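Welcome! Here is a short briefing to help you find your way around a structure you have not met before.

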Amino acid sequence: MQGMDSGTRARVARLILEHGPITAAALGERLGLTPAAVRRHLDALEAEGMIEPRTMRPRGQRGRGRPAKLFAITDAGRSAFEHAYDDLAGSALRFLAERLGEEAVSDFARSQVKGLVERLEPVMSAVPADRRVQMLAEALSAEGYAASATKAKSGGDQLCQHHCPVAHAAAEFPQLCEAETEAFGQLLGTPVQRLATIAHGDGVCTTHVSPVRIKESKETGR
């Protein structure tokens, strides 16, 4: 029974991570659990510091009725999932390298960032070049990388990622960082250089983005 409870509790936590903040009723409906069962798991997760309750008054409601109670993942809860994902990623990459070789790992790394490139390319092409680094930082933050963009003193921009969900796996398989760097250059349309990585023990993943070169026709007015 304990094993069944822990498995269901993990499903509740993952659903909150992926779709939260979310109500207990919505959780029960998605997982097919009774209100009492949902409450038991929510209480346990809250006691462990994995989730936290929030209140939100429905739109248009002014002081009437009870605010909706939502449950959201905490930083500790998110870290627990990321650590498990990082361990799984490392195991999968070791298996791939042993069976098919290092080139297979490189192919896998490129396939992982391909989705990001495909999603962002249409958006990047539609905005001015000087806005692209900031847009990339925002997209990376939405993916859990806590990214920021600043102007570099030496010219160009500096893209920083303050968190990496697969840092341990990337330390063993630098192909993950290399593929990501290639994707940045493709999206930004200019050379980029990785200066530091969390995977190598640095506090932040730092990438220098060279200034976008203006076409000669625009420079000369021809």
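Which residues of H5 are buried? They are Ala104, Val105, Ser106, Ala109, Val113, Leu116, Val117, Leu120 and Met124. Please keep in mind that this is a predicted model. The points below start from that helix, follow its charged side chains, and then move on to the sheet, the loops and the cysteines.

**Helix H5**

- Helix H5 covers residues 102-125.
- With 24 residues at 1.5 Å a residue, H5 should span 34 Å, and its end C-alpha atoms are 33 Å apart, which agrees.
- H5 also has a bend of about 30°, located at Val113. Val113 is one of the buried residues of this helix.
- As background for reading the list of buried residues, an α-helix has 3.6 residues a turn, so residues three or four places apart point the same way.

**Salt bridges**

- How many salt bridges does a search of the whole structure find? The search finds nine.
- As a general idea, side chains of opposite charge can pair when their charged atoms come close.
- Arg110 is a good place to look, as its side chain meets that of Glu103 in a salt bridge at 3.8 Å, N to O. Arg110 also forms a salt bridge with Glu182, at 3.7 Å, N to O.
- The pair of Arg110 and Glu182 links distant parts of the chain: Arg110 sits in H5, Glu182 sits in helix H8 (residues 175-188), and the two are 72 residues apart.
- Both partners of that pair are partly exposed: Arg110 has a relative accessible area of 39%, and Glu182 has one of 47%.
- A further salt bridge joins the side chains of Asp157 and Lys151, at 3.2 Å, N to O. Here Asp157 counts as buried at 14% relative accessibility, whereas Lys151 counts as exposed at 60%.
- Through salt bridges that share partners, Glu103, Asp107, Arg110 and Glu182 become one network.

**The four-stranded sheet**

- In what order do the four strands of the open sheet lie? The order is S3-S4-S6-S5, with antiparallel pairing.
- Strands S3 (147-151) and S5 (192-196) stand at the edges with a single partner strand each, so one side of each has no neighbour in the sheet.
- On average, neighbouring strands of this sheet are turned by 25° against each other, direction ignored.
- S3 pairs with S4 (residues 157-161) over five bridges, in the antiparallel sense. The two strands form a hairpin with five residues between them, and Gly155 in the turn has a positive phi of about 105°.
- Two bridge partners can be traced from S3 into S4: Lys151 is matched with Asp157, and Thr150 is matched with Gln158. Lys151 and Asp157 are also joined by the salt bridge between their side chains.
- S4 and S6 run antiparallel too, joined by five bridges. In S6, Asp157 has Val209 as its bridge partner.
- Why is S4 described as largely enclosed by the rest of the structure? Four of its five residues are buried, so the surroundings largely enclose this strand.

**Threonines in the loops**

- Thr197 belongs to the loop between S5 and strand S6 (205-209). Thr197 is buried, with a relative accessible area of 5%.
- Thr197 and Thr207 are 10 residues apart along the chain, and their C-alpha atoms are separated by 8.7 Å.
- Thr190 lies in another loop, the one between H8 and S5. Thr190 is buried as well, with a relative accessible area of 8%.
- Although Thr190 and Val212 are 22 residues apart in sequence, they are 5.6 Å apart in space, C-alpha to C-alpha.

**Cysteines**

- How many disulfides does the structure hold? The number is zero.
- Cys164 is in no disulfide, and its nearest cysteine sulfur, that of Cys205, is 5.3 Å away. A disulfide needs the two sulfur atoms within 2.5 Å, so this pair does not count as one.
- Cys205 is likewise in no disulfide, with the sulfur of Cys164 as its nearest cysteine sulfur.
- Both of these cysteines are buried: Cys164 has 16% relative accessibility, and Cys205 has 4%.

How values were computed: Residues numbered from 1 in each chain as written. Predicted model: local features only at pLDDT ≥ 70, side-chain atom pairs only at ≥ 80, totals over all residues. Heavy atoms only, no water. Buried < 20%, exposed > 50% of the residue type's maximum accessible area, 1.4 Å probe, protein only. Salt bridge = Lys/Arg side-chain N within 4 Å of Asp/Glu carboxyl O. Expected span 1.5 Å × (residues − 1). Bend = angle between axes of the 7 residues up to and from the residue. Pairing = 2+ DSSP bridges. Axes fitted to C-alpha atoms, helices over the stretch in contact; angles between N-to-C directions.
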